[in-house]
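Please find below a note on the structure, set out as numbered points for discussion.

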Amino acid sequence: MKMSIEQMAGIAHELGILVDEDCPECKTAKKNADAITAEIQDTLKYKEAQLPLQGQIWKELTSLEKEECRLRKVGSENIETYKSELQVQKEKLRDKQNSHDISNAMTCFINAISSPGTERCYFLRWMRLNLDNLSREKLSDLREQYKKKCKNSENKDELKDIDRELCNSSLGTEHFFREMGQIYEASVSLPETHPSRQQLQHLPKLCAGLLLDGFPLELVDGDASNIPLRWVSDVLSELNDLVSPKNKILVVTVLGVQSTGKSTLLNTMFGVQFAVSSGRCTRGAFMLLIRINDDVKNVLNCDFVVIIDTEGLKSPELAQLDDSHEHDNELATLVVGLSDITIINIAMENSTEMKDILQIVVHAFLRMKEVGKKPKCQFVHQNVSDVSAHEKNLRDRKLLFQQLNEMTQAAAKMEKKEENKSFTDVMEYSPDTGNWYIPGLWNGNPPMAPVNAGYSEAVYELKKNIIQLLGN
C-alpha cells in the first residue's frame with residue numbers, strides 16, 4: 001500500500017502520536033497560505049495580476065535611478081534640466097505604482113505575517129512548501145518542452161520564450177516580500193497626510209520583526225539588480241529600535257561563481273536556512289541576522305552577526321545580456337564593501353574565473369582605502385578531494401598571490417594610486433592562512449548519497465578561524 005504522509009494522520013491519532021497539524025496555529029496558517037497559493041494557475045499571469053509593482057515598472061525605475069547617478073546619455077543637454085526630466089519620469093512611474101490597489105494576495109499575505117510568533121512562522125513555512133511544489137511542477141513541464149524544442153534548430157524564438165519563462169516562473173516568498181517593499185516605497189512618495197501612506201507605515205516594523213526571528217531580508221533584487229533603498233533603510237532603522245541601542249554588528253559575506261555551494265556553506269557554518277536547490281539559484285543578495293549568545297559575546301565583542309548570501313557571479317542566464325559583467329561588478333563591490341570578512345568561494349582548484357571578479361573589487365577598494373576600510377578575505381576552495389591539498393597546493397597559492405598582485409598593480413595604475421604595489425595593500429590576506437580546502441559535500445551521487453562528514457569538519461575549522469578573525 002502506498003500512502004502519503006498526510007494520509008497517515010488518521011492512523012497516527014489512533015496510535016496516540018502527536019500531529020503538528022492539529023494545533024490551531026498551524027491550521028490557521030495552512031488555511032491562510034492555501035488561500036493565497038490556491039489561486040495560482042499560471043505563475044507569470046499570477047505575478048502580473050497579484051504582484052504588479054515589481055515587474056516592468058520596477059525595472060524602468062531602476063534604469064532611471066542608475067542613469068541619474070551615471071549620466072551616460074546626457075549628450076549636449078544641460079545636466080540640471082536632464083536630471084529634472086529624469087526626476088519627472090520617476091515620479092510618473094511611482095504614480096503608476098500607486099494607481100494599483102494592493103492586490104488580494106498581498107492583503108492576505110500582510111495580514112498573515114502580522115499574526116503572532118508561531119503562527120507567522122508556520123505560515124511562512126507553508127507558503128514555502130506550497131510555492132516550491134508549484135514551481136517544481138511548472139519547471140519540470142517547461143524543461144520537457146525545452147528538451148523537445150532543442151532537437152530542432154529552427155525553434156530559436158520559441159526556445160528564447162521558454163528560456164524567459166524558466167527565468168520568470170520561479171515564485172518564492174521573497175517575491176511577496178519584494179512586492180511589500182515596493183508597495184512601501186511607492187507609498188513614501190505620496191504626501192505625508194495621505195491616508196494610504198499612513199496605513200502602510202507599519203510594514204518596515206513587520207519586516208524588522210521577521211529579521212529578528214531569523215528570516216532573510218532581500219537587500220538586492222536580483223531580477224532588476226537594484227536596492228530598494230528607502231525600504232531597506234527603514235527596515236534597518238526599525239530593527240535598531242527593536243534591539244537595544246549601540247549594538248555592534250559584524251558582517252560576513254560570501255562571493256563566488258554560480259552553483260559552487262555558497263548557500264550550503266553558510267547554512268552549514270551558521271545553522272541557518274538560505275534556500276538551496278540546484279533548480280532554484282539565489283538571485284540578488286539576502287541578509288540574515290544572527291543573535292550572539294552571551295557566552296560567545298566576550299570572544300566576538302559584538303551582539304549580532306549579519307551574514308549576506310549573494311547570487312552566483314558569471315551566471316549563464318545573464319551571460320546573454322550586455323551588462324552582465326556590470327551586474328556582477330555592482331554586486332561584488334557592494335557586498336565586499338559591507339562586510340568585515342568576505343569568503344571567496346572557488347570550486348575545485350581553479351582560480352582563474354574569480355580573478356576577473358576580484359579585479360573589479362580591487363578597483364573599488366583602491367577608492368575605499370581613503371575611507372580607511374580594509375576588508376579581510378578568505379579563499380575557500382571547494383570539492384578538493386585530496387587530504388594533503390594544503391601542502392600540495394603551495395605552488396597554486398603562490399601563483400594566485402602573484403596574479404592578485406599583478407592585478408592590483410594594473411588597477412592602481414588605472415586609478416592613479418600607484419603606491420599600492422600588492423594585493424595585501426588593499427585587502428587583508430595572507431597566502432598561508434587565507435586559503436581553506438574543503439572536500440565535496442556528497443560521497444557519491446545524490447540523492448541517495450550520504451553526506452561527507454569531512455565537509456562539516458572542514459567547515460567547522462573555517463568557522464573557528466572566522467570567529468577568531470572577527471574577535472580580533
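The points below concern a predicted model and take up its cores, charged pairs, cysteines, helices and backbone angles in turn.

1. The largest nonpolar core has 73 residues. Those that touch the most other members are Phe-109, Ile-113, Phe-123, Phe-176, Met-180, Trp-231 and Phe-379. A second, separate core comprises 28 residues, including Phe-286, Tyr-455, Val-459 and Leu-470. As general background, nonpolar side chains tend to be buried together in soluble globular proteins.

2. Phe-176 merits inspection as one of the residues named for the largest core. With residues up to four places away in sequence left out, Phe-176 touches Ile-36, Tyr-46, Leu-51, Ala-105, Met-106, Phe-109, Met-127, Leu-131 and Leu-171. Phe-109, one of these partners, is also among the core members that touch the most others.

3. Helix α7 has 34 residues, and its first and last C-alpha atoms are 48 Å apart, close to the 50 Å expected at 1.5 Å a residue. Its buried residues include nonpolar ones such as Phe-123, Leu-124, Trp-126 and Met-127, but also Glu-119, Arg-120, Asn-130 and Lys-138. The buried residues of α7 pack against α2, α3 (43-50), α6 (104-113), α8 (156-168), α9 and α11.

4. Helix α21 (residues 453-471) has 19 residues, which should span 27 Å at 1.5 Å a residue; the end C-alpha atoms are 27 Å apart, in agreement. Its buried residues are Tyr-455, Ala-458, Val-459, Leu-462, Asn-465, Ile-466, Leu-470 and Gly-471. Tyr-455, Val-459 and Leu-470 also belong to the second core. The packing partners of the buried residues of α21 are both helices and strands: α13 (262-270) and α14 (294-300), together with β2 (249-256), β5 (341-347), β6 (376-382) and β7 (435-437).

5. How many salt bridges does the structure hold? There are 12. One of them links Asp-34 to Lys-30, with 3.3 Å between the closest N and O atoms. Both residues lie in helix α2 (residues 24-37), 4 residues apart, which is about one turn of the helix. Asp-34 is partly exposed, because its relative accessibility is 27%; Lys-30, at 27%, is partly exposed as well.

6. Glu-185 and Arg-94 form a salt bridge with an N to O distance of 3.0 Å. Glu-185 belongs to helix α9 (residues 173-188) and Arg-94 to helix α5 (residues 79-99), so this pair ties together parts that are 91 residues apart in sequence. Both Glu-185 and Arg-94 are buried.

7. Arg-120 and Asp-213 form another salt bridge, their closest N and O atoms being 2.9 Å apart. Arg-120 is in helix α7 (residues 117-150), whereas Asp-213 is in the loop between α11 (203-212) and β1 (217-220); the pair therefore ties together parts that are 93 residues apart in sequence. Arg-120 is buried at a relative accessible area of 11%, while Asp-213 is partly exposed at 41%. Elsewhere, Arg-178, Glu-218 and Asp-221 are joined into one network by salt bridges that share partners.

8. Arg-197, in helix α10 (residues 195-199), deserves a separate remark. This residue is buried yet has no salt bridge. The nearest side chain of opposite charge is that of Glu-192, 4.3 Å away, and the cut-off for a salt bridge is 4 Å. Neighbours within four places in sequence aside, Arg-197 is in contact with Ser-187, Val-188, Leu-190, Pro-191 and Glu-192.

9. The search of the whole structure finds 0 disulfides. For Cys-207, the nearest cysteine sulfur is that of Cys-121, 14 Å away. Is Cys-207 buried or exposed? Cys-207 is buried, at 5% relative accessibility. Cys-69, by contrast, is exposed at 69%.

10. Two backbone angles should be checked. Most residues other than glycine have a negative phi. Leu-71, in the loop between α4 (56-70) and α5, has a positive phi near 45°. Asn-301, in the loop between α14 and β4 (304-310), likewise has a positive phi, of about 55°. Asn-301 is partly exposed, with a relative accessible area of 42%.

Notes:
Residues are numbered from 1 along each chain as its sequence is written. This is a predicted model: local features need pLDDT of at least 70, side-chain atom pairs count only at pLDDT 80 or more; totals for chains, interfaces and linings use all residues. Side-chain values use heavy atoms; hydrogens and water are left out. Helices (H or I, at least four residues) and strands (E, at least two) are DSSP runs, numbered from the N terminus. Buried means under 20% relative accessible area, exposed over 50%, partly exposed in between (1.4 Å probe, protein chains only). Lys and Arg count as positive and Asp and Glu as negative; His and the chain ends are not counted. Contact means heavy atoms within 4.5 Å. A nonpolar core is a set of buried Ala, Val, Leu, Ile, Met, Phe, Trp, Tyr and Cys residues joined through side-chain atoms within 4.5 Å. A disulfide is a pair of cysteine sulfur atoms within 2.5 Å. The expected span of a helix is 1.5 Å times one less than its number of residues.
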